[in-house]
Amino acid sequence: MAADPLADVLDTAPLAAAPAGTDPGRGGAARVTAAADAVEGAVIGLRRWFHAHPEASLEETGTAAAVAAQLAALGVEHAIPLPNAVVATVRGTAPGAYGQDGTARRRVLLRADIDALPVAEDTGLPFSSLSPGLMHACGHDCHAAMLLGAAAVLQANRDLLAGEVRLVFQPAEECSQGARMLVEAGVCDGVDAAWGCHIWSELPSGTVSVEPGPRMANADWWRVEVTGTSAHGALPHRGADAVVAGAAIVEQLQTVVSRQVSPFEPVVVTVGQFHGGTARNVIAGSTWLEGTVRTFDPEVHARVPLLMKRIVEDTAEAFGCSARVTDYTLGSWAVVNDPAVTEVARRAAWEVLGEEALVSYRGSMPGEDFSEYLFEVPGCFVFLGCSTTGTDHCWPQHSCHYNPDERVLVDGVRLAAQFAVDFLAG
């Protein structure tokens, strides 16, 4: 194995240096900004460590241990409710933060996801993945580092907090399981609002989208199995070709989008895998397809599985085969921002990044299991731009070349910390 270029990062406890301020400024914004600037280099270093040490969904025990070590160095109270998750608490000391019975006046949840993807990295970075076939290709390394930075800022400025901040380092976002696991473990108990952030390659660096309403789509997963009759490749009339039937199903599934749903409703039907056949001179007797469906509208979300079932079965029958949808899994639900909480987040972004940083973005069709928290409490999910221009542009999420602009990480620290300050003050 290659030498670890960042082996000493976790031993240096760099985030313990966040300064405490004395001038509250604009609702504490001056202090939050100064504290975030002070830990920027450490946050970038942590992001690179996380990037070099990716772990697959549901296997993030090393990442969780690294997060816990940083929190311990900061003196931040934390627990490990699952082997691959960390939940931390920063207790405010502003007047009225807690009642006489010790109950927090208000409590806000800040969340970062920490899992990586099964992608072979091809960036050539000096801190490239040390785990073959695994890569932080979606920015979760950045999210973990930014939330640790926010923890440092908030811990050092507890007198700005009129309540309690719960920081959630969540596993298994990519497989849409982690948020539900933590909700079931009680992370939303007593919480008044939730906040999440995703660095986003479709927005320029230095910008942020903080807007109410639908932001990310329902994300479903499906599998189709096709059964035909195998035969000699030179005698196709003696069999029923499952590959040909499967190919027709791939084509016909696109009519769900083009002919079965209103053009005003966004829908994506993707076939991501198509496997069949055993030899080049054999008519395939079976094949299978897997893919995903993305929607926003609840009615369309409910209709698509029924439309797929009809298309899959009838198309296969036309080719003398049979087919069925053997699995249709509701992965994650649409992320819909609460207007009131989003207004607090928008104001916080204006305070620490400036009005010119706020941009409008239509939302996106990828899924996000942050929606699980929004079933429990109102919240806001923001997009933080991380793409530069020219030759140094950012490749899209899930690319093997993905390498976001690290200069935006300090913006993510500022956004999370200021939102916590402002929400608890409300």
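In this predicted model, Arg-91 is partly exposed, because its relative accessibility is 37%. The side chain of Arg-91 forms a salt bridge with that of Glu-164, with N and O 2.8 Å apart. Glu-164 is buried, at 4% relative accessibility. Arg-91 belongs to strand β2, which spans residues 85-91, and Glu-164 to strand β4, which spans residues 164-170. The two residues are 73 positions apart in sequence, so their contact ties together separate parts of the chain.

This pair belongs to a wider set. The whole structure contains 21 salt bridges. Another of them joins Glu-290 and Arg-223. Here the closest N and O atoms are 2.8 Å apart. This pair, too, links distant parts of the chain. Glu-290 sits in strand β12 and Arg-223 in strand β8, with their positions 67 residues apart in sequence. Glu-290 is partly exposed, since its relative accessible area is 24% and the buried class ends at under 20%.

A further salt bridge connects the side chains of Arg-111 and Asp-113, at 3.8 Å from N to O. Both of these residues are buried. Salt bridges also form a network, whose members are Arg-47, Arg-48, Asp-141 and Glu-406.

Arg-111 also appears in the lining of an internal space. The structure holds one cavity of 30 Å³ or more. The volume of the largest cavity is about 70 Å³. Its lining consists of Arg-111, Ala-112, His-143, Met-146, Leu-147, Trp-195, Cys-197, Gly-412 and Ala-416. Four elements each give two or more residues to this lining: β3 (107-113), α4 (140-156), β5 and α11 (409-425). Helix α4 supplies the largest share, with three residues. By class, the lining of the largest cavity comprises six nonpolar residues, two polar residues and one charged residue. Arg-111 is the charged one, because Arg counts as charged.

The largest pocket has a volume of about 680 Å³. It is lined by 30 residues. Those closest to the pocket centre are Glu-174, Trp-221, Thr-292, Arg-294 and His-398. The elements that contribute two or more residues to the lining are strands β5 (193-204), β8 (218-227), β10 (267-276), β12 (286-295) and β13 (322-332). The lining of the largest pocket divides into 10 nonpolar, 12 polar and eight charged residues. Strand β5 contributes two or more residues to the lining of the largest pocket and also two or more to that of the largest cavity. Strands β8 and β12, which help to line the pocket, also carry the salt-bridge partners Arg-223 and Glu-290.

His-398 stands out for its backbone as well. Its phi is positive, at about 80°, although His-398 is not a glycine. His-398 lies in the loop between β15 (379-387) and α11. At 42% relative accessibility, His-398 is classed as partly exposed. Leu-58 has a positive phi too, of about 75°, and is likewise not a glycine. The loop that holds Leu-58 runs between α2 (40-52) and α3 (61-74). Leu-58 is partly exposed, with 40% relative accessibility.

The surface carries a nonpolar patch made of Leu-330, Trp-333 and Phe-375. Together these residues have about 300 Å² of accessible area. Leu-330 is part of strand β13, an element that also gives two or more residues to the lining of the largest pocket. The relative accessible area of Leu-330 is 42%, so Leu-330 is partly exposed. That value also satisfies the requirement for patch members, because these need over 30% relative accessible area.

Arg-31 provides a contrast in exposure. This residue is located in helix α1, which covers residues 29-38. Arg-31 is buried, because its relative accessible area is 6% and the buried class covers values under 20%. Arg-31 and Val-153 are 122 residues apart along the chain. Their C-alpha atoms are separated by 8.8 Å.

Definitions and conventions:
Residues numbered from 1 in each chain as written. Heavy atoms only, no water. 1 Å grid on protein atoms, 1.4 Å probe; cavity = no way out; pocket = protein on both sides within 12 Å on 5 of 7 lines; lining within 4 Å. Points joined across faces, edges and corners; volume = space filled by probe spheres on them. Patch = residues over 30% accessible without salt bridge, like charges linked within 9 Å, V, L, I, M, F, W, Y side chains within 5 Å. Areas by Shrake-Rupley, 256 points an atom, 1.4 Å probe, with all protein chains shown as cover. Salt bridge = Lys/Arg side-chain N within 4 Å of Asp/Glu carboxyl O. Buried < 20%, exposed > 50% of the residue type's maximum accessible area, 1.4 Å probe, protein only.
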